[in-house]
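Colleague: Can we go through this model together? I would like to start with the ligand.

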Amino acid sequence: MAGVRNIVVLTGAGVSAESGLPTFRASDGLWEGHHVEDVATPEAYARDPALVHQFYDARRARLVEVQPNPAHDALARLDAEWPGELLLVTQNVDDLHERAGSRRLLHMHGELTRGWCPASGGRCGWSGDMGQGAVCPACASVGRVRPDIVWFGEMPYGMDRIDAALARADLFVSIGTSGAVYPAAGFVRTARYHGAQTLELNLEPSHGSVFFEESRAGPASELVPRWVAEVLG
Ligand code: BJW
């Protein structure tokens, strides 16, 4: 692709939808009967930890039943074959990008398969239920471990690395995200400010569509492999 060496890709829930994981804001905007904005906050966790653990335990259990789809596979191919800089920033907390083979990957909203203990400050891999009785492997405290997930009002991971990559990007591509949640929703404007070309691949135009130079509408499993084939020429 002429003039493009550094690429930043942002993915959201839409990239995993065809693997069978529900998006957040589809149709009635509810997730398991709850608004995501009500469950995914530190305040909700303090108020009702059992409910929040139940929400994340169910999603962690579902992870083992699903597989990467052609969109994840195509992004892994891009990672393996693109000779320039690449950063795949995902808002998703599932592990489908790494299971497909992506390596230059950053989970800005955390990971379902990790826990975080505020008592020890440590983070650790986690499989199966966490619940309220989880024991921290670092400090052995009981009931302090929480999902390593970035909730509303908390700082996303890797912002320095993301900002640096956006400042160097020649091309910014957003895939399967509604553009409803910041700071990710602002990445397109940052990338444009620094001179990058911008492209959106989404089932339908997102909230932020107007900020992209080009928008393509359709399912990620079709659009992403086609785009990756174009880029790799
Ligand atoms: C398909 C498809 C297919 C479907 N193919 N496409 C007012 C203004 C601005 C900001 C704020 C504000 N008030 C508060 C804020 C800040 C707040 C925020 O953005 N709030 C909004 C509600 C306005 N943000 C935060 O608090 C963040 N932290 C923060 O800002 O820290 C301060 C800071 C300061 C300075 C610099 C940096 C930071 C933290 C946000 C944490 C978000 N966490 C969640 C939940 C946790 C993870 C989890 O439980 O899974 O992350 S919320 C939820 O939304 C989740 C997602 O990652 C995130 C984005 O959702 P996504 O991925 O876009 O999903 P959907 O469902 O919205 O969209 C899916 C899209 O796919 C749709 O467009 C479909 O069309 C498409 N699609 N099928 C292709 N087959």
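Colleague: What is the shell around the ligand like by class?

Modeller: That shell has 19 nonpolar, eleven polar and five charged residues. Here Ala, Val, Leu, Ile, Met, Phe, Trp, Tyr, Cys and Pro count as nonpolar, Asp, Glu, Lys and Arg as charged, and the others, Gly among them, as polar. This is a predicted model, where local features need pLDDT of at least 70, side-chain atom pairs count only at pLDDT 80 or more, and totals for chains, interfaces and linings use all residues. Residues are numbered from 1 along each chain as its sequence is written, and side-chain values use heavy atoms, with hydrogens and water left out.

Colleague: Which residues come nearest?

Modeller: Y56, R59, T177, S178 and Y182, of the 35 around the ligand; near means a heavy atom within 4 Å.

Colleague: What does R59 do there, in distances?

Modeller: A polar side-chain atom of R59 is 2.6 Å from a ligand oxygen atom. For N202, a polar side-chain atom is 3.0 Å from an oxygen atom of the ligand.

Colleague: How much of the ligand does the protein bury?

Modeller: The protein buries 76% of the 1500 Å² that the ligand exposes taken alone (Shrake-Rupley method, 1.4 Å probe).

Colleague: New topic. Why does 18 Å agree with a compact globule?

Modeller: Because a compact globule of 233 residues would have a radius of gyration near 17 Å. The radius is taken over C-alpha atoms, and the rule is 2.2 Å times the number of residues to the power 0.38.

Colleague: And how many of the residues are buried?

Modeller: Buried residues make up 49% of the 233, buried meaning under 20% relative accessible area (1.4 Å probe, protein chains only).

Definitions and conventions
A polar contact is a pair of N or O atoms within 3.5 Å; within protein, one must be able to donate a hydrogen and the other to accept it, and residues adjacent in sequence count only if both atoms are side-chain atoms. Buried means under 20% relative accessible area, exposed over 50%, partly exposed in between (1.4 Å probe, protein chains only).
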